[in-house]
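Visitor: I'd like a close look at one part of this protein, with some sense of how the rest is laid out around that part. Could you take me through it?

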Amino acid sequence: MGEVSRGQLARELGVSPASVTTQTSELIEQGYLTEVPLVPGAEPLRGRPPVALRVAAGAHAVAGVKFSMRKHVAVALDFAGNQIAEACEPARDRAPPGDQIEVLARLIGSVCAEAGIGPGDLAQVGIGVPGFVDHASGRVHWSPVFGARDVDLAQAASARLGLPVIVDNDANLAALAELWFGSGRTLSDFAVVTLEHGLGMGLVLNHRVFRGALGLGVELGHTKVELDGALCRCGQRGCLEAYVADYALAREAHVALDLAGGSVGGADLVERLYAEAKAGNAVAQSIFRRAGRYLALGLANVINVFDPELLILSGERMRYDYLHAQETIAEVGGSVLPARATPPRIEVHAWGDLLGAHGAGALALGAVTDRRIGGPFEGAAA
Ligand SMILES: [Zn+2]
């Protein structure tokens with residue numbers, strides 16, 4: 001985050017310069033903003049030197065944690081959003097919620113030690129998990145990282161850490177990270193499609209993350225692409241995720257790799273399938289290409305429904321380049337409205353797990369800002 005003059009702030013917010021002066025002097029007094037010279041080293045000929053405002057990085061520190069099926073990643077951010085520490089731990093499949101809370105406590109301990117602060121110095125913790133998450137209440141209806149349903153994650157984590165905790169779906173946090181730190185900073189409407197163990201999506205409309213009435217919005221992975229199609233983890237049939245996620249690829253990989261039984265786990269199997277495809281195995285290549293075509297169908301649907309300026313493909317599995325090969329992306333163009341001259345820009349971002357952790361950190365910063373200064377700011381709890 002950079003610097004901004006009072007005049008620019010007034011223009012961008014559409015308020016009077018006098019009101020900006022009143023508001024910002026309060027924030028300077030409270031230690032949230034500092035004044036810096038607008039042109040470093042420049043001496044004014046007369047009068048007060050021109051100054052810009054900058055967020056006081058030391059005002060607060062927060063932590064952001066992303067849980068996933070492969071590894072759990074945590075970052076500590078200062079109040080200006082700069083990363084001051086990072087830690088990670090390998091994931092254990094479907095661990096009970098109590099075990100995952102202990103993982104969380106260890107990760108928080110690690111980032112605080114690296115940042116040279118105590119856990120009690122954190123103003124807020126943000127957590128991102130895959131699955132169905134009620135952001136407003138902090139409850140996780142279902143997530144592949146927990147061996148239980150309906151987990152009151154925010155409450156349990158807050159009780160263990162003694163800190164305020166805020167929770168969101170990991171794809172929403174990928175979108176929030178792009179909004180705060182990435183390509184989304186200058187855009188009002190964009191979508192982030194994440195492909196990891198499952199297929200997720202975060203949607204920013206008018207500079208804010210859209211979550212829907214129940215916080216269950218934009219579950220792109222569970223939009224239907226086939227009637228009576230493949231069985232999805234959600235229990236329904238024909239979901240897009242059931243054609244592009246790890247477990248969908250693993251289902252067919254046994255044939256391509258000429259394996260007899262289910263001796264190899266899903267993620268390992270998909271890694272082997274990808275290695276085979278790269279080595280020229282035509283059946284393995286066809287499995288990825290088919291998944292890529294389904295993904296293209298999903299992306300075209302997103303474009304036709306929301307008309308975003310930019311579509312970002314993100315997440316660990318996007319390194320399977322067959323999924324976003326040129327011919328696959330070209331298929332998106334064939335399924336969007338003919339009235340469009342061209343499809344929107346599509347970018348592949350390989351931030352990986354760190355992106356989600358930064359998004360969780362941004363969520364935490366938003367909550368602190370909302371609570372201490374008054375909001376609502378993006379990311380703050382409803
Ligand atoms: Zn589904």
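Visitor: Start with the metal site, please: is C234 buried, exposed or partly exposed?

Guide: C234 counts as partly exposed, because its relative accessibility is 31%. Bear in mind that this is a predicted model, so everything here is computed from predicted coordinates.

Let's stay at the metal. The zinc ion has four ligands: H222 through ND1, and C232, C234 and C239 through their SG atoms, at 2.1 to 2.4 Å. Along the chain these donors are spaced as H-x9-C-x1-C-x4-C. As for geometry, the angles subtended by the four donor atoms run from 103 to 120 degrees, which makes the arrangement around the zinc ion tetrahedral. The test asks for all angles to lie between 85 and 135 degrees, so the range of 103 to 120 degrees passes.

Now compare how the ligands sit with respect to the surface. C239 has 0% relative accessibility and therefore counts as buried. H222, at 15%, counts as buried too, because the cut-off for that label is under 20%. C234, with its 31%, is partly exposed.

H222 deserves a bit more time. You'll find H222 in the loop between strand 13 (208–209) and helix 6. Leaving out residues up to four places away in sequence, H222 touches its fellow ligands C232, C234 and C239, and also F132 and E241. Helix 6 covers 241–244, so E241 belongs to that helix. In the domain assignment, F132 falls within domain 2 (60–175 + 354–372), while H222 falls within domain 3 (186–351).

The loop that holds H222 has another residue to check in your viewer. D228 also lies between strand 13 and helix 6, and its phi is near 55 degrees, a positive value in a residue other than glycine. Most residues other than glycine have a negative phi. D228 is exposed, because its relative accessible area is 71%. D150 is another non-glycine residue with a positive phi, of about 50 degrees. D150 sits in the loop between strand 9 (139–142) and helix 4 (153–161), and at 42% relative accessibility D150 counts as partly exposed.

Follow the chain out of the zinc site and you get to the hydrophobic interior. The largest nonpolar core has 45 residues, and those with the most contacts inside it are V193, L199, M201, V244, L273, F288 and L295. Among the elements that give two or more residues to this core are strand 11 (190–195), strand 12 (199–205), helix 6, helix 7 (246–256) and helix 8 (266–278). Helix 9 (282–306) and strand 14 (310–314) are on that list as well, and helix 9 gives the most, with eleven residues. To see how this core is stitched together, click on L295: neighbours within four places aside, L295 is in contact with V193, L199, L240, V244, M318 and L323. There's also a second, separate core of 34 residues, which includes L53, V209, L310 and A362.

Zooming out, the domain assignment gives domain 1 (6–55), domain 2 (60–175 + 354–372) and domain 3 (186–351). The centres of domain 1 and domain 3, taken over C-alpha atoms, are 45 Å apart. For a residue pair spanning that direction of the sequence, take E26 and R233: they are 207 residues apart in sequence and 51 Å apart in space, C-alpha to C-alpha. E26 lies in helix 2 (residues 17–29) and is partly exposed, because its relative accessibility is 43%. T34 sits in strand 2 (residues 33–37) and, leaving aside neighbours within four places, is in contact with A52, L53, R54 and A56; L53 is one of the residues in the second core.

Finally, the whole protein. The secondary structure comes to eleven helices and 15 strands, and the C-alpha atoms fill a box of roughly 80 × 50 × 40 Å along the principal axes. A compact globule of 382 residues would have a radius of gyration near 21 Å, and the protein has 23 Å, which agrees. Buried residues make up 51% of the 382. Of the contacts between residues at least 6 apart in sequence, 59% join residues at least 24 apart.

Conventions: Residues are numbered from 1 along each chain as its sequence is written. This is a predicted model: local features need pLDDT of at least 70, side-chain atom pairs count only at pLDDT 80 or more; totals for chains, interfaces and linings use all residues. Side-chain values use heavy atoms; hydrogens and water are left out. Donors are N, O and S atoms within 2.8 Å of the metal (3.2 Å for Na, K and Ca); water is not among the atoms, so sites may look incomplete. Four donors count as tetrahedral if all angles lie between 85 and 135 degrees; four count as square planar and six as octahedral if opposite donors are over 155 degrees apart and all others between 65 and 115; anything else is irregular. Buried means under 20% relative accessible area, exposed over 50%, partly exposed in between (1.4 Å probe, protein chains only). A nonpolar core is a set of buried Ala, Val, Leu, Ile, Met, Phe, Trp, Tyr and Cys residues joined through side-chain atoms within 4.5 Å. Helices (H or I, at least four residues) and strands (E, at least two) are DSSP runs, numbered from the N terminus. Contact means heavy atoms within 4.5 Å. Domain bounds come from an automatic or database domain assignment. The radius of gyration is taken over C-alpha atoms; the globule rule is 2.2 Å times the number of residues to the power 0.38.
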